[in-house]
Amino acid sequence: MAKSVAESSSKKGLPAGIWTTCKKCEQILLRKDYEENFMVCPKCGYYARLNARKRIAYLVDENSFCEFDKDMKPVDFLNFPGYSDKIKKSQINDAVVTGSAQINGYKAALAVMDFEFMGGSMGSVVGEKIVRAVEFAIENKYPVIIVSASGGARMQEGIVSLMQMGKTSAALARLAENNLPYISVLTDPTTGGVAASFAMLGDINIAEPKALIGFAGPRVIEQTIRQQLPEGFQLSEFLEKHGMVDIVAERKDLKDVITKALNFFCGKK
Ligand SMILES: [Zn+2]
């Protein structure tokens, strides 16, 4: 069904890419409407994962984003099989985009993870770019906002990827010592070493609905503790109920919720 409508639209001479399909319910959607709806399916409410560029476009004031360390690329220092090829073939340099931006007039340092690059895994570049963004914030007395989307640490960088957990957490501790706020936004999925470090350290932790958030996957936990896990375990709503997440915010409201937090921490604009 999905295919036939898309095919017939191309036969009618409509421009390519005018339609898109919801990954969950397979509803055919007009791409323009879908993008205006923040890539949330109007039929079933499914949240498509956003790459970093799209997320930044939805979140910051127009033309306010100024990118940091755009050309920083990872190095395959362990000669891990296949890693060099992956780096070479990728259109994106690494799994985080950082910069300064304004959000409803509030200046902030921003780091947005990109799941499209190796599952948003955290290696040396992710850690270094986040730390530099935090240091920029300390220097300029800006708040920090990090949007996480990650499968965890990057095994291709071995122990160096794990070191980024401590490195980013230490930078955020220095931010706190300087009395500057950190707003963490957790999106689907935020797991492993990222969940176990900076993603959970926000002065306020905001999650998107139904995002998978946790350290290890449910199967590993069930096998370890030999107990069945409760319904909805590791989803945003469950974590909010149990105090791990402060607010579950719909994507369309996210900019406003962040603005309210900035207003609370930094005063009126
Ligand atoms: Zn849908």
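1. Two strands are counted as a pair if DSSP finds at least two bridges between them. With that in mind, a reader new to this structure, which is a predicted model, may begin with strand 5, residues 106-113, and strand 6, residues 144-150. These two strands run parallel and are joined by 4 bridges, and within this pairing Ala-111 has Ile-146 in strand 6 as its bridge partner.

2. Strand 6 deserves a paragraph of its own, since 7 of its 7 residues are buried, so that the strand is largely enclosed by the rest of the structure. Val-144, Ile-146, Ser-148 and Ser-150 point one way from strand 6, while Ile-145, Val-147 and Ala-149 point the other way, and the residues of both sets are all buried. Ile-146, the bridge partner of Ala-111, therefore counts among the buried residues of a strand that is largely enclosed.

3. On strand 5 there is also a pairing with strand 4, in the antiparallel sense and over 8 bridges. One of the partnerships to look for is that of Val-96 with Met-113 in strand 5. The hairpin formed by strand 4 and strand 5 has 2 residues between the strands, and in this hairpin Asn-104 takes a positive phi near 45 degrees.

4. Strand 4, which covers residues 96-103, has 7 of its 8 residues buried, so this strand too is largely enclosed by the rest of the structure. Strand 4 also pairs with strand 3 (residues 66-68), to which it runs antiparallel with 3 bridges between them, and here Cys-66 stands opposite Ser-100 in strand 4. Strand 4 thus has strand 3 as one antiparallel partner and strand 5 as another.

5. How do the axes of helix 3 and helix 10 cross, and how many degrees lie between them? Helix 3 (residues 52-59) and helix 10 (residues 254-266) have axes that come within 9 Å and cross at roughly 65 degrees. From helix 3 the contact draws on Arg-55, Tyr-58 and Leu-59, and these meet Leu-254, Lys-255 and Ile-258 of helix 10. By class, the residues of this contact comprise 4 nonpolar and 2 charged ones, with no polar residue among them.

6. The aromatic residues can be considered together, for the structure holds 5 aromatic pairs. Among them, Phe-233 and Phe-238 are arranged edge-to-face, at 5.7 Å centre to centre and with 75 degrees between the planes; with a relative accessible area of 26%, Phe-233 is partly exposed. Another edge-to-face pair is that of Phe-264 and Phe-265, whose ring centres are 5.3 Å apart and whose planes stand at 75 degrees. Phe-264 counts as exposed at 65% relative accessibility, whereas Phe-265 is partly exposed, with a relative accessible area of 31%.

7. Ring pairs also link Phe-68, Phe-136 and Tyr-142 into a cluster. In addition to these ring pairs, a charged side chain is placed against an aromatic one: Arg-49 lies over the face of Phe-115, at 4.4 Å from the ring centre.

8. Two loop residues other than glycine merit a check of their backbone. Asn-179, in the loop between helix 6 (158-177) and strand 7, has a positive phi near 55 degrees. Gln-234, in the loop between helix 8 (218-225) and helix 9 (236-241), has a positive phi of about 75 degrees. Are these residues buried or exposed? Asn-179 is exposed because its relative accessible area is 69%, while Gln-234 is buried because its relative accessible area is 6%, the cut-offs being over 50% for exposed and under 20% for buried.

9. A further point on the backbone concerns the peptide bond from Asp-188 to Pro-189, which is cis, with omega near -15 degrees. Pro-189 belongs to strand 7, which spans residues 182-191.

10. Finally, which residues does Cys-41 contact, leaving aside its neighbours within four places in sequence? Cys-41 is in contact with Cys-22, Cys-25, Leu-29, Tyr-34 and Tyr-46. The place of Cys-41 is in the loop between helix 2 (31-36) and helix 3, and with a relative accessible area of 2% this cysteine is buried. Cys-41 and Gln-27 are 14 residues apart in sequence, and their C-alpha atoms are 8.2 Å apart in space.

Methods: Residues are numbered from 1 along each chain as its sequence is written. This is a predicted model: local features need pLDDT of at least 70, side-chain atom pairs count only at pLDDT 80 or more; totals for chains, interfaces and linings use all residues. Side-chain values use heavy atoms; hydrogens and water are left out. Axes are lines fitted to C-alpha atoms, for helices over the stretch in contact, and angles run from 0 to 180 degrees between N-to-C directions. Contact means heavy atoms within 4.5 Å. Ala, Val, Leu, Ile, Met, Phe, Trp, Tyr, Cys and Pro count as nonpolar, Asp, Glu, Lys and Arg as charged, and the others, Gly among them, as polar. Rings of Phe, Tyr and Trp (its six-membered ring) pair if their centres lie within 6.5 Å; planes under 30 degrees apart count as stacked, over 60 as edge-to-face and the rest as tilted. Buried means under 20% relative accessible area, exposed over 50%, partly exposed in between (1.4 Å probe, protein chains only). A charge sits over a ring if NZ of Lys or CZ of Arg is within 6 Å of the ring centre and within 35 degrees of the ring normal.
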